[in-house]
Amino acid sequence: MPLAASPAPGRALVVVNPTAGTARTPLVQEVIARCRARLERVVVHRTAHRGDATDAVRAALARPGGQGPDLVVAVGGDGTVREVVQALVGAAPRERAALAVVPAGTGNSDYRMLWGQAPWQESLEATLGAVPGRARRRRIDVGQLAETGELVLLGACSGLIAEGLVAARSIAVAGRERYARALPQAAVGFRPYPGRVTVDGRVLHEGATVLANVGGGRYRGGQYLILPRSELDDGLLDVCVVGAQVAAADVPELARAGVLHKRPGVVHGRGRRVVVERLDGRPLCFEHDGELQPPAWTSMTVQVLAGVLPVWGAATKEVTRVHTPPALPLGGLAAT
């Protein structure tokens, strides 16, 4: 069902990651031209190092006299979006601009989370007000890693998906094809780890674990459907745990086909605080938002920050056209 229209933005900061996979000069020039044709003020910042996007957005939002942007356009991949989000969520409420994403990275799952498969030109024009009623400004939930305080926009995942990022380092192709090759490669020889997943104090799963995903976005790697029932603004984190009843080698195709959730040994939950543990004392291999984390902990804890991030997205909420079993609210039954 279409949702209420939102007032169009007026001032934008365009944050470009020049090293992102498809952030080539023609794409960047087109983004800037479209923004300048519609907005009263457009400032462009090209990032130079890790963390630069966060610093640039913070500086822009701190401009006195209400001259800061009310829109931040992230041109890059999920890593660029994550850096922008760190600044937007950390700003005072009166200074917060809304996020728009132009996908120019590898997986671009953040873009798909907000716009599905729509071309970026259409979504940007809708955001800028050229197509009334096609875009909506809304406030969505964000996760936070208790161990580091870092924000989790798309999701955090242990096991196979994290191992896929290790495999991706040796694959030269760009875009989603990189993940399409990396995940099956990581599945070869993968061994489930002894794990436990607790949702709001109740055990959802304990036993051999292929992956545990907490989010956020429905898709990982831009193409793997992991959380088919996830809503971005319900104040809850969704959880998917794949147990050893599902062979790791089968996970990539099952997730790409949108049927992973139907398999025995896959359980779903929903809650405000999720703890993912490895029980044999060895480091937990996990990532969040496409960034592999250092092997420093045997567990990760993700808690929800409800409604803290203003974003521009499609005016109609995404519907995943697959049958999905209901998630277990606030924890669930232990997997067998």
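Which residue is the bridge partner of Thr198 in strand 14? Hold on to that one for a moment, everybody; I'll come back to it once we have looked at the whole chain.

Hello, and thanks for coming. What you see above is a predicted model, so let me begin with the predictor's confidence. Mean pLDDT for the protein chain is 88, and 92% of the residues reach 70 or more. One stretch falls well outside that picture: over residues 319–336, pLDDT stays under 50. The model does have 51 contacts there beyond four places in sequence. Still, where pLDDT is low, the predicted coordinates should not be read in detail. Please keep that in mind when you look at residues 319–336, where pLDDT stays under 50.

Now the overall build. The protein chain holds eight helices and 18 strands. Along the principal axes, its C-alpha atoms fill a box of roughly 60 × 40 × 35 Å. The radius of gyration is 19 Å, which agrees with the value near 20 Å that a compact globule of 336 residues would have. Of those 336 residues, 56% count as buried. And if you take the contacts with a separation of 6 or more, 77% of them are between residues 24 or more positions apart.

Back to our opening question. The bridge partner of Thr198 in strand 14 is Val275. Thr198 belongs to strand 8, residues 193–199, and strand 8 pairs with strand 14 in the antiparallel sense over five bridges. A further pair to find on your screen is Val197, which stands opposite Val276 in strand 14.

Strand 14 has a second partner as well. Five bridges join it to strand 17, residues 299–314, and these two strands run antiparallel. Here, Val274 stands opposite Val302 in strand 17. So how enclosed is strand 14 itself? Five of its six residues, 273–278, are buried, so the strand is largely enclosed by the rest of the structure.

Strand 8 is mostly covered too, with five of its seven residues buried. It also pairs with strand 9, residues 202–215, in the antiparallel sense over seven bridges. Tyr193 stands opposite Thr209 in strand 9. Strand 8 and strand 9 form a hairpin with two residues between the strands, and Asp200 in this hairpin takes a positive phi near 50°. A general reminder while we are on strands: in a regular strand the side chains alternate between the two faces of the sheet.

Let's step to Thr298, in the loop between strand 16 (291–292) and strand 17. Thr298 is partly exposed, with a relative accessible area of 35%. Leaving out residues up to four places away in sequence, Thr298 touches Val276, Glu277, Arg278, Gly281, Arg282 and Leu284. You have met Val276 already: that is the residue opposite Val197. For a sense of scale, the C-alpha atoms of Thr298 and Arg220 are separated by 23 Å.

Another loop residue is Gln223, between strand 10 (219–220) and strand 11 (224–225). Buried or exposed? Gln223 counts as buried, at 12% relative accessibility. Its side chain makes a polar contact of 3.4 Å with that of Arg256. Among the other residues that Gln223 touches are Arg112, Arg176, Tyr179, Ala180 and Ala255.

On to a helix. Helix 2 covers residues 52–61, and seven of its ten residues are buried, so it is largely enclosed by the rest of the structure. The buried ones are Asp52, Ala53, Thr54, Ala56, Val57, Ala60 and Leu61. What do they pack against? The answer is strand 1 (11–16), strand 2 (41–46), strand 3 (71–76) and helix 3 (78–90).

Last stop, the cysteines. A disulfide is a covalent bond between the sulfur atoms of two cysteines. How many disulfides does the model have? With a cut-off of 2.5 Å between the sulfur atoms, the count comes to zero. Take Cys157, whose closest cysteine sulfur is 8.0 Å away in Cys240, too far for a bond. Cys285 has its closest cysteine sulfur in Cys157, at 9.5 Å, which is again too far. Cys157 counts as buried, at 0% relative accessibility, while Cys285 is partly exposed, with a relative accessible area of 23%.

That's my tour. Thanks for listening!

Methods:
Residues are numbered from 1 along each chain as its sequence is written. This is a predicted model: local features need pLDDT of at least 70, side-chain atom pairs count only at pLDDT 80 or more; totals for chains, interfaces and linings use all residues. Side-chain values use heavy atoms; hydrogens and water are left out. Helices (H or I, at least four residues) and strands (E, at least two) are DSSP runs, numbered from the N terminus. Buried means under 20% relative accessible area, exposed over 50%, partly exposed in between (1.4 Å probe, protein chains only). A polar contact is a pair of N or O atoms within 3.5 Å; within protein, one must be able to donate a hydrogen and the other to accept it, and residues adjacent in sequence count only if both atoms are side-chain atoms. Contact means heavy atoms within 4.5 Å. pLDDT is the predictor's confidence in each residue, from 0 to 100. Two strands pair if DSSP finds at least two bridges between them. The radius of gyration is taken over C-alpha atoms; the globule rule is 2.2 Å times the number of residues to the power 0.38.
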